[in-house]
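Here are three short exercises, each with a worked solution. Have the structure open as you go.

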Amino acid sequence: MLDFRGPLELPLTLLVDDRSRAHKVYFKPPNNTQKEQDLADLAARNRVALALPFLGTALRPFARSYFRHGAAFYQAGFPDQALPYLRETLSENPDNFKALLAIGQIHLAAGRPGEARPFVERAVALRPASPEALNNLGGLELAEDQPARAAAAFEKALEAEPDLAYALANAGTAYSHLGKLDQAERALRRAVELEPKDADALDQLGLVLARQDRLDEAKPLFERAIEAQRNHVSAISNLAVLFLKQSKPNEAIAALRYGIRVAPGDERLYLNLAKVYVQGGDRERARDVMQQLLQQRPDSEMARNALRELALP
């Protein structure tokens with residue numbers, strides 16, 4: 001009937017079932033009558049009479065949309081908080097394609113390919129020609145270091161929808177892993193034509209060109225990727241490596257320092273900057289960089305190991 005979201009106000013009371021799932025939120029303590037009604041309602045799984053304060057005929061049973069709850073969390077930037085609602089959707093309908101797709105995507109994005117696989121494979125089994133499902137399958141294979149299988153999945157996705165920009169970009173990445181740089185370049189150029197501000201595609205295309213020592217062509221692509229996404233760590237690191245290949249250590253240092261400023265929690269940027277200083281014979285600055293990383297990430301084993309190595313003569 002309506003979708004209302006308000007701020008959390010304390011204190012509040014939750015009606016929780018035997019599986020630790022919250023079914024109702026009370027912003028004021030419920031009286032005994034209300035508690036008894038709600039408990040009976042929870043036991044019977046029948047909320048129609050309590051939910052609708054008017055007479056009428058229900059053409060179908062009313063139910064809570066767990067998928068919509070999950071989608072709201074996902075769109076708000078809380079993918080892991082979306083998972084319980086998406087799983088509840090599957091408990092009611094194991095063949096819900098959108099829920100399978102969403103759970104697979106969440107696990108893949110979080111770097112959990114093993115947890116993603118059963119959901120991705122079930123989605124593909126339900127809709128074998130779905131470009132979205134096949135793209136997720138390709139992403140899963142890439143995450144598990146199977147670029148040939150990944151390329152095959154992306155190719156199937158592109159058979160169904162040839163101008164699917166993200167599938168083209170992913171296919172280019174798979175071809176690059178296989179050493180098929182010409183195919184990778186073609187796929188990535190087409191992806192960039194379709195989505196000129198796709199930072200990942202721009203970065204991957206720049207990387208493919210850099211691997212062929214086409215540095216002058218690669219440089220503006222890394223810069224465009226950073227312009228599209230100012231904290232794109234991979235493009236920043238690749239640009240720094242390009243500067244080093246061009247014997248421009250100061251520009252490499254500037255790029256990595258920029259990266260640390262916009263992505264202060266990324267360990268790779270600190271390590272790469274420290275390596276540049278070590279290569280230039282400035283171990284003291286390299287130690288300072290690792291100390292900065294420890295301030296940001298006190299639990300960083302990478303920083304501690306690097307500091308131990310830098311302490312050696």
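**Exercise 1.** How many bridges join strand S1 to S2? Find them, then look at the turn.

*Solution.* Start with the source of the coordinates: this is a predicted model, in which local features need pLDDT of at least 70, side-chain atom pairs count only at pLDDT 80 or more, and totals for chains, interfaces and linings use all residues. Residues are numbered from 1 along each chain as its sequence is written, and side-chain values use heavy atoms, with hydrogens and water left out.

Next, take strands (E, at least two residues) and helices (H or I, at least four) as DSSP runs numbered from the N terminus; two strands pair if DSSP finds at least two bridges between them. S1 covers residues 13–16, and four bridges join this strand to S2 in an antiparallel arrangement. Leu15 stands opposite Lys24 in S2. Finally, the two strands form a hairpin with five residues between them, and Ser20 in the turn has a positive phi of about 65°.

**Exercise 2.** Which parts does the salt bridge between Asp80 and Arg112 tie together?

*Solution.* First apply the rule: a side-chain nitrogen of Lys or Arg within 4 Å of a carboxyl oxygen of Asp or Glu. The count comes to 17 salt bridges. In the pair Asp80 and Arg112, the closest N and O atoms are 2.9 Å apart. Asp80 lies in helix H4 (79–92) and Arg112 in the loop between helices H5 (97–109) and H6 (113–126), so the pair ties together parts 32 residues apart in sequence.

**Exercise 3.** Where is Phe27 placed?

*Solution.* Locate the end of strand S2 (22–26) and the start of helix H1 (32–44): Phe27 is in the loop between S2 and H1.
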